[in-house]
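Q: Please go through this model with me, setting each computed value against the definition behind the word used for it.

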Amino acid sequence: QRKGKVQIAIGITMKKQTIGFIGLGLIGGSIARCIKANAPEHSIYVYNARHPYIKEGLKLALEEHTIDNIVSDLSDFSDCDMIFLCAPVMVNVSYLEKLKSIIKPDCILTDVGSVKKDIHDAVKRLDLESQFVGGHPMAGSEKIGYEHSSLDMLKDAYYLITPTTKTPESMVHTLTEIADYCHCRTMILDAEQHDDATAAISHVPHVIAANLVNMVAKHDNLEQHMRHLLAGGFKSTTRIASSSPEMWQNICLTNTESILKYLDSYQESLAEFKEVLKNKDKEKIMEFFAQAKEYRDSVL
């Protein structure tokens, strides 16, 4: 009933909550900033797996009062009302089993990963479906770390929500309110719909951008003329290739089927264009670029 539905926050006022974060980088940091800006009464704890070493970003978050405490033991999350999993997608899955015996029965578990099937499968296997609601803010940057997060990072973006079949409606509403704190629109999808869509509009473009960069690096000469001549078009097209390699390794390993499907489609399209180009078919070359311009201009 809820699938594909676009929602807006419905005026829920969350009671004072203790909210935990595992990972406080670009997206997690932006969400935490928005929570504190809109509901400063909430307490925000961040788990630091690298105790006693504390990253500069976490120190900054503490100094800026975005977070209230840094903890080094997951048992400190036992009082959390909500926990955000903001690590790479495969790492998020690994934390579920550790959290299962720690969290309260009414604690909400959510994530921000751009692949959903693996974490939904893990939630089902661990019998955590009634406590989990997936989330994915469709925003970001090639930059990483809390220091690059901001109150406006997620503004006007879609916050995709993927409930399980057992997720209470109240948990969906809570995540919707947090999305509203971030000035996001929300859309509800199931995990498979989500992964198929993000493969086409996010994951395959990242693969293509990285491939373009590698192609140029491979064919550049000893004087590195290509590197020195890189201009705006190439830079804007390949900006996302500067994203975290670990994050994209995790994405490719967990959304393989959908990524392969759209890579096949992309290769077919390239092969068709190669034939058009070999034949120097002026009309079809014009049509190729005109169709792309029309679609892109209509959505961006």
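Q: What makes Lys261 count as partly exposed?

A: The relative accessibility of Lys261 is 43%, and the term partly exposed covers what lies between buried, under 20% relative accessible area, and exposed, over 50%, with a 1.4 Å probe and protein chains only; Lys261 therefore counts as partly exposed. The model is a predicted one, in which local features need pLDDT of at least 70 and side-chain atom pairs count only at pLDDT 80 or more, while totals for chains, interfaces and linings use all residues. Residues are numbered from 1 along each chain as its sequence is written, and side-chain values use heavy atoms, with hydrogens and water left out.

Q: Why is the pairing of Asp196 and Lys261 called a salt bridge?

A: The term requires a side-chain nitrogen of Lys or Arg within 4 Å of a carboxyl oxygen of Asp or Glu, and the N to O distance for Asp196 and Lys261 is 2.6 Å, so the pair meets the definition. This pair links distant parts of the chain, with Asp196 in helix α6 (residues 191–219) and Lys261 in helix α10 (residues 256–278), 65 residues apart; helices here are DSSP runs of H or I with at least four residues, strands are runs of E with at least two, and both are numbered from the N terminus. Asp196, at 22% relative accessibility, counts as partly exposed.

Q: How do you know that Ser258 is buried, and which residues does Ser258 touch?

A: Ser258, which is found in helix α10, has a relative accessibility of 13% and therefore counts as buried. Leaving aside residues up to four places away in sequence, Ser258 touches Asp195, Asp196 and Ala199, where contact means heavy atoms within 4.5 Å.

Q: What makes Lys15, Asp81 and Lys104 a network of salt bridges?

A: Lys15 forms a salt bridge with Asp81, their closest N and O atoms being 3.9 Å apart. Lys15 lies in the loop between β1 (6–7) and β2 (18–22) and Asp81 in the loop between β4 (69–71) and β5 (82–85), so this pair ties together parts that are 66 residues apart in sequence. Lys104 also forms a salt bridge with Asp81, with the closest N and O atoms 2.8 Å apart. Here Lys104 is in the loop between α3 (89–100) and β6 (108–111), 23 residues from Asp81. The three residues are thus linked in a network, and a search of the whole structure finds 12 salt bridges.

Q: Which of these three residues are buried, exposed or partly exposed?

A: Asp81 is buried, with a relative accessible area of 12%, whereas Lys15 is exposed at 55% and Lys104 counts as partly exposed at 23%.

Q: Why is the protein chain described as being as compact as a globular protein of its length?

A: The secondary structure of the protein chain comes to 11 helices and nine strands. The radius of gyration, taken over C-alpha atoms, is 21 Å, close to the 19 Å given for 300 residues by the globule rule, which is 2.2 Å times the number of residues to the power 0.38; the chain is therefore as compact as a globular protein of that length.
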